[in-house]
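Student: I would like to learn how to read a contact between two chains and a pair of packed helices. Could you take me through an example?

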Number of protein chains: 2
Amino acid sequence: MSTAQDAEGAAEGGTGEAAAWGEVAPEAARRLLVAAVGAFAERGYHATTTRDIAGRAGMSPAALYIHYKTKEELLHRISRIGHDRALRILETAADGDGSAAERLADAVVTFVRWHAAHHTTARVVQYELDALGEEHRAEIVELRRRSDAAVRRIINDGVKAGEFDVPDVPGTTLAVLSLCIDVARWFNAEGRRTPDEVGALYADLVLRMVAAGS
Amino acid sequence: MSTAQDAEGAAEGGTGEAAAWGEVAPEAARRLLVAAVGAFAERGYHATTTRDIAGRAGMSPAALYIHYKTKEELLHRISRIGHDRALRILETAADGDGSAAERLADAVVTFVRWHAAHHTTARVVQYELDALGEEHRAEIVELRRRSDAAVRRIINDGVKAGEFDVPDVPGTTLAVLSLCIDVARWFNAEGRRTPDEVGALYADLVLRMVAAGS
DNA sequence: CGCCGCGCTAAGCGCTTGCTCAGTGCTGCG
DNA sequence: CGCAGCACTGAGCAAGCGCTTAGCGCGGCG
């Protein structure tokens, strides 16, 4: 059985922050992107200067503009890659072949673990949407719509199969995604919980929300 | 029986956005504060200029500095008032005299309804913490710690009374608060759901999370 | 060897930012 | 009426912003 964990595992070989961006080339562009993720996550997009990003990447401010047209394009690249990964996690789980409860638990465990393990990236991806330009934001919003659809599909399947008791499917879908996304806001790498622990806790809570196994 | 709804009701007479800031005087200072809430919620603190705020309040940029020392003080005032209100809602519910399930439902309904009805204010209050200065942030963090304690107290009471089945009380407390807070991010006044509907939906979901009545 | 092309830097342009200050008009008191 | 007090404005300062441009150093090719 293929699980959403496979999607997560296949997406990145290592566990470090930079290792997750292996697909970005050339190396200087990747360094700038990783620097931007760190700066955006720490201070927010608007409070981050191009000098800040270039400095973190060990380059002069002008070097940024050889690889990216604007500061906003950097944010768009980060947001696009992050949303692609998030969507793949959820669609892989939704397309799995277990019961609805198994697929929902798989989706939550993997989605939450990614938000916790990559909470700096996730914070930028989830909370800096408004800083994107009109067209870029529209593209990202479409990806989010598909993420919502994937989770709703699992819950709908569970209701039809009699596994779940969910009076308000769209509302519960929204709440589940909201709960998982907000992990990026509060998760602290120095805290007591590991990403795996948070994933397990949240999967349990979400299964209770849909009243699975009652 | 006194409920958290009383705390919410007593805090503000009307339903409009400006009516919620009745305690702020004089009138010009209140107008500036309401303008700042709108601008911060729409574009974020760092993307908002003092000219923006003054313009919305129908004043010149310099007028802002008669009532507030800095732009950051404006944010602090908003954050302080909002956190006070949120804390009062949760503590009133926690100190109520119903069962743990009733008090938890009361807390969630009222807390969520406030986040939905005042989602512009709540967005600033919940998502612009990092923009505060060192000392101001420490003051606000303490209020948030007390909010967490209020919710944890209700859940602990429910566990002791045998009403709830909660393996991880701190983790579940965190999840409940996170779920409610994130309402401020996605709630849209033009959307299909009213604050009351979201409050009722969320109270149901949270009671399921603590396995009340199983 | 000579020199082309590419990645990068130093310097800086035009503009906006948070914030200041001298001065203006209006309100209320004698 | 006269003037003091105060909320407020017009103009603008120093600093910092996103971004541009001229030119430098260096590796590869004829």
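The dialogue below goes through the chain contact, the symmetry and one helix pair.

Tutor: Bear in mind that this is a predicted model.

Student: How many residues does each chain give to the contact?

Tutor: In general, the size of an interface is often given as the accessible area lost when the parts come together. Here we have residue counts: chain A and chain B each bring 22 residues. On the chain B side, α9 (169-181) and α11 (195-209) are the elements that supply two or more residues. The largest share comes from α9(B), with seven residues. Sorted by class, that side of chain B holds twelve nonpolar, six polar and four charged residues.

Student: Which rotation superposes chain B on chain A?

Tutor: A rotation of 180 degrees, with 0.0 Å of shift along its axis and an RMSD of 0.0 Å. The copies are therefore related as by a two-fold rotation axis. Within chain B, B:L179 has the C-alpha nearest that axis, at 2.5 Å. Both copies use the same surface, as 100% of the contact residues of chain B recur in chain A.

Student: How do α9 and α11 of chain A pack?

Tutor: Two packed helices are described by the angle between their axes and the distance between the axes. For α9(A) and α11(A), the angle is about 165 degrees and the axes are 11 Å apart. An angle over 145 degrees counts as roughly antiparallel, so α9(A) and α11(A) are roughly antiparallel to each other. The crossing is right-handed.

Student: Which residues make the contact between α9(A) and α11(A)?

Tutor: From α9(A), they are A:T172, A:V176, A:L179 and A:C180, and from α11(A), A:Y202, A:V206 and A:M209. Six of these are nonpolar, one is polar and none is charged.

Conventions:
Residues numbered from 1 in each chain as written. Chains lettered and ligands numbered in written order. Predicted model: local features only at pLDDT ≥ 70, side-chain atom pairs only at ≥ 80, totals over all residues. Contact = placed C-beta atoms within 7 Å. Helix = DSSP H or I, 4+ residues; strand = E, 2+ residues; numbered from the N terminus. Nonpolar A, V, L, I, M, F, W, Y, C, P; charged D, E, K, R; others polar. Least-squares fit on C-alpha atoms with pLDDT ≥ 70 in both. Axes fitted to C-alpha atoms, helices over the stretch in contact; angles between N-to-C directions. Parallel < 35°, antiparallel > 145°, perpendicular 65-115°, else oblique. Left-handed = near helix turned anticlockwise from the far one by under 90°.
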